[in-house]
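Student: I have a model open and would like to understand the labels people attach to it. Could we go through some of them together?

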Amino acid sequence: MKIQLKSNGIPTGQVVTITDRDTGAVLHTQAYDTLPLDFVFPYRVNYEVSVDKKTNYITPAPKDFTASQTAKPVTMNYTAIPKENSVVTLGITGGGGGTVAGRTVT
């Protein structure tokens, strides 16, 4: 089984960890650099792919797989956390009679 991880932007330097879900053993850990990462291990291994935290981003949830094919592309996206001074515009529709943040909707 081969896993290939690559970035569609500037490499982040984040650490990628692959763990055996059955035993808890770490199969591989490596920092992402400029080239795609390739990991090879036996078929039928239940594994989890995770990445470490990145400042100002929500860390993607780990992904679980069972090694059953020759290659498995894995995509994990970090989501930017809005800055404290961000402005959020909300649109409210409905028949009225409700409240939003203590205000009556009519």
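Tutor: Happily! Let's begin with one residue, Asn-46, which counts as buried. The model is predicted, so local features need pLDDT of at least 70 and side-chain atom pairs pLDDT 80 or more, while totals for chains, interfaces and linings use all residues. Residues are numbered from 1 along each chain as its sequence is written, and side-chain values use heavy atoms, leaving out hydrogens and water.

Student: Why is Asn-46 called buried?

Tutor: Buried means under 20% relative accessible area (exposed is over 50%, partly exposed in between; 1.4 Å probe, protein chains only). Asn-46 has 16% relative accessibility, so the residue counts as buried.

Student: What makes the link between the side chains of Asn-46 and Asp-22 a polar contact?

Tutor: The term asks for a pair of N or O atoms within 3.5 Å; within protein, one must be able to donate a hydrogen and the other to accept it, and residues adjacent in sequence count only if both atoms are side-chain atoms. Here the two side chains are joined at 2.8 Å.

Student: Which residues does Asn-46 touch, leaving aside those up to four places away in sequence?

Tutor: With contact meaning heavy atoms within 4.5 Å, Asn-46 touches Thr-19, Asp-20, Arg-21, Asp-22, Phe-65 and Thr-66.

Student: Where does Asn-46 sit among the strands?

Tutor: Asn-46 is in strand S5, residues 46–51. Strands (E, at least two residues) and helices (H or I, at least four) are DSSP runs numbered from the N terminus; the protein has eleven strands and zero helices.
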